[in-house]
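Colleague: I'd like a close look at a single part of this model, the open sheet and what packs around it. Could you walk me through it in one go?

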Amino acid sequence: MSADFFCVSCRTPFLNAFPLDSLGRCALCRTGLRGFDAAYCFGSYEGVLRELIHLYKYGRIKTLAKPLGDLLAQALPRDERFDAVVPVPLHWRRHWERGFNQSELLARGIARRSGIPAVNALRREKSTATQAGLSHTGRRRNVTGAFQCKRAGLVKGRRILLIDDVMTTGSTAASCALALKRAGAQRVALLTVARVDRRMDASRRTGAHSMVEGEVSNVQ
């Protein structure tokens, strides 16, 4: 993903510089609500990439972990060093229904490539409602307190690379990062295959508005 304006911490792209402070940080990063210190991804959650992730996660095509892992590796920051790779966990019930944790398979792939140990340091304490359809505030509330660090000794004082397949608003990753920070993690960076680009939503709304205006003008 590329953008003329983006947060220097979470890499969220913006249409203009208005949401950013003088240091280039967005409001969520300024207030500490992000939890994680940096975020990286391969591309926008659109088109073919979105279809592949859906087939992987919901179609349960586990072999897609390899090609998606290749894309994830391309987004891995070369100028950062990490001590452990930690996947975002699923609740045991969701894991049982799906048969695997898509983030864990991706994390194992990154661990093999980079030589950084993969650690299942987090546990999902409660089964939350699906995040789809919730507002940004609703998503944060939905996952508040949902994650706990079960292996604090393996994250204390360490630089953690948190792995997930998709970043939507970042609420789930933020909750995981805060749990890792409470356990003593020195730094937490998020790495995902894709992230939702809110600029796309704004462009669609602008396009739809323009179409309506054009139709009204034609009627007049």
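Modeller: What follows goes through the sheet strand by strand and then turns to the helices around it. Keep in mind that this is a predicted model.

Let's start with the layout. The sheet is open and has 4 strands, in the order β3-β8-β7-β4, and the pairing is parallel. At the edges you find β3 (38-44) and β4 (84-87); each has a single partner strand, so one side of each is left without a neighbour in the sheet. Going from one strand to the next, the twist averages 20°. As for what holds such an arrangement together, strands of a sheet pair through backbone hydrogen bonds, either parallel or antiparallel.

Now the pairs, one by one. Coming in from the β3 edge, β3 and β8 pair in the parallel sense over 6 bridges. If you want a landmark there, look for Gly 43, which stands opposite Ala 194 in β8. Next, β7 and β8 run parallel and are joined by 8 bridges. Here Met 167 faces you as the landmark, standing opposite Arg 195 in β8. Finally, β4 runs parallel to β7 (residues 159-167), with 4 bridges joining the two. In that pair, Val 86 stands opposite Leu 162 in β7.

The strands β7 and β8 are also linked through a helix: together with α7 (residues 171-182) they make a right-handed β-α-β unit. β8 itself is mostly covered, with 8 of its 9 residues buried. Helix α2 (residues 47-57) lies across β3, β7 and β8 (187-195), and runs at about 105° to β8.

The other helix to look at is α5 (residues 102-114). Its 13 residues reach 19 Å from the first C-alpha to the last, close to the 18 Å expected at 1.5 Å a residue. Plenty of names turn up on its buried list, among them Leu 105, Leu 106, Ala 107, Ile 110 and Ala 111, but also Gln 102, Ser 103 and Glu 104. What covers the buried residues of α5 includes three strands of our sheet, β4, β7 and β8, along with helices α2, α3 (65-75) and α4 (92-98).

Have a look at the ends of α5 too. Asn 101 caps the N-terminal end, with a side-chain oxygen 3.0 Å from the backbone nitrogen of Ser 103. After the helix comes Gly 115, whose phi is positive, near 80°.

Notes: Residues numbered from 1 in each chain as written. Predicted model: local features only at pLDDT ≥ 70, side-chain atom pairs only at ≥ 80, totals over all residues. Heavy atoms only, no water. Pairing = 2+ DSSP bridges. Axes fitted to C-alpha atoms, helices over the stretch in contact; angles between N-to-C directions. Contact = heavy atoms within 4.5 Å. Expected span 1.5 Å × (residues − 1). Buried < 20%, exposed > 50% of the residue type's maximum accessible area, 1.4 Å probe, protein only. Polar contact = N/O pair within 3.5 Å; in protein donor to acceptor, adjacent residues only side chain to side chain. Right-handed = clockwise from strand over helix to strand, strands pointing away.
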